[in-house]
Amino acid sequence: MTSRFDHPRLGPVTLAQSPQARRIAIRVRPSGDVRVSFPRGVSQQRALAFLDAKAAWVESTRRRLAARCVALPPALPPEEEKARVEQLRRAAKADLPARIERLSRQTGLKFGKLSVRAARTKWGSCSVNGNISLSLFLMTLPEHLRDFVIIHELCHTVHHNHSPRFHALVDFHVGGCEKALVRELRAFSIR
């Protein structure tokens with residue numbers, strides 16, 4: 001069941017009661033739209049009380065997302081975007097295979113196959129078979145963040161989750177800087 005509510009401080013809010021929800025959760029989209037999901041058995045009033053308690057967080061998240069959108073370059077016309085993607089694809093195919101081989105040797109973490117794709121939702125992924133897929137948009141990152149994403153995916157060949165053991169392995173291979181690198185990576189978006 002989904003409904004709209006005009007919050008006195010935050011404006012229009014979508015309320016969604018869902019059988020899949022396990023807890024009350026607030027999502028702020030880059031557009032500034034707010035969605036509150038909550039499980040069956042939780043009243044709409046309780047969900048709104050939770051939103052009231054988190055109103056300052058919602059406002060700060062909106063500001064942060066707005067600042068990030070301002071920092072993004074404007075969208076290119078389709079033909080220019082296509083040329084840009086092809087340029088990034090060539091650069092990725094020239095750089096990423098050698099980079100992952102080097103990092104695999106340095107860390108001792110083995111992988112199956114490598115594929116380079118125009119993924120816009122993730123920098124990389126690792127299958128249960130140890131095959132790694134990297135986004136060609138990694139080429140827009142500084143080199144040390146490219147290395148970090150690859151090490152992250154290589155660590156998934158050992159731990160196929162984001163457990164404490166996985167994060168400890170990543171942290172070990174990045175010299176104890178995992179949290180700082182994650183924060184730095186969040187300043188970038190795939191476009």
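Two strands are taken to pair if DSSP finds at least two bridges between them. With that criterion in place, I turn to the structure shown above, which is a predicted model.

I begin with the pairing of strand 1 and strand 2. Strand 2 covers residues 11-18, and six bridges join strand 1 to strand 2. The two strands run antiparallel. Within this pair, F5 stands opposite V13 of strand 2.

These strands belong to an open sheet of four strands, whose order is 1-2-4-3 and whose pairing is mixed. Which strands stand at the edges? They are strand 1, residues 2-7, and strand 3, residues 25-28. Each has a single partner strand, and therefore one side of each is left without a neighbour in the sheet. From one strand to the next, the twist averages 25 degrees.

Helix 1, formed by residues 44-53, packs on this sheet. Helix 1 touches strand 1, strand 2, strand 3 and strand 4, the last of these being residues 34-39. The direction of helix 1 makes about 135 degrees with that of strand 4.

I move now to strand 7, residues 132-135. Strand 5, residues 114-117, is joined to strand 7 by four bridges, and these two run parallel. Here V116 stands opposite L134. Strand 6 is joined to strand 7 by three bridges, and that pair runs antiparallel. C126 has I132 in strand 7 as its bridge partner.

Strand 6 and strand 7 form a hairpin, with five residues between them. In the turn, G130 has a positive phi of about 85 degrees.

Are the side chains of strand 7 buried or exposed? I132 and L134 point one way from the strand, S133 and S135 point the other way, and all are buried.

My last topic is the largest pocket. The volume of this pocket is about 620 Å³. The pocket is lined by 21 residues, of which T121, K122, W123, L185 and R186 are the closest to its centre.

Which elements supply at least two residues each of this lining? They are strand 6 (124-126), helix 4 (143-155) and helix 6 (178-185). Strand 6, described a moment ago as one arm of the hairpin, thus also contributes to the lining of the largest pocket. The largest share, four residues, comes from helix 4.

As for chemical character, the lining of the largest pocket divides into seven nonpolar, eight polar and six charged residues.

Conventions:
Residues are numbered from 1 along each chain as its sequence is written. This is a predicted model: local features need pLDDT of at least 70, side-chain atom pairs count only at pLDDT 80 or more; totals for chains, interfaces and linings use all residues. Side-chain values use heavy atoms; hydrogens and water are left out. Axes are lines fitted to C-alpha atoms, for helices over the stretch in contact, and angles run from 0 to 180 degrees between N-to-C directions. Contact means heavy atoms within 4.5 Å. On a 1 Å grid over the protein atoms alone, a cavity is a set of points where a 1.4 Å probe fits but cannot get out, and a pocket is an open set with protein on both sides within 12 Å along at least five of seven lines; lining residues have an atom within 4 Å of a point. Grid points are joined across faces, edges and corners, and a volume is the space filled by probe spheres set on the points. Ala, Val, Leu, Ile, Met, Phe, Trp, Tyr, Cys and Pro count as nonpolar, Asp, Glu, Lys and Arg as charged, and the others, Gly among them, as polar. Buried means under 20% relative accessible area, exposed over 50%, partly exposed in between (1.4 Å probe, protein chains only).
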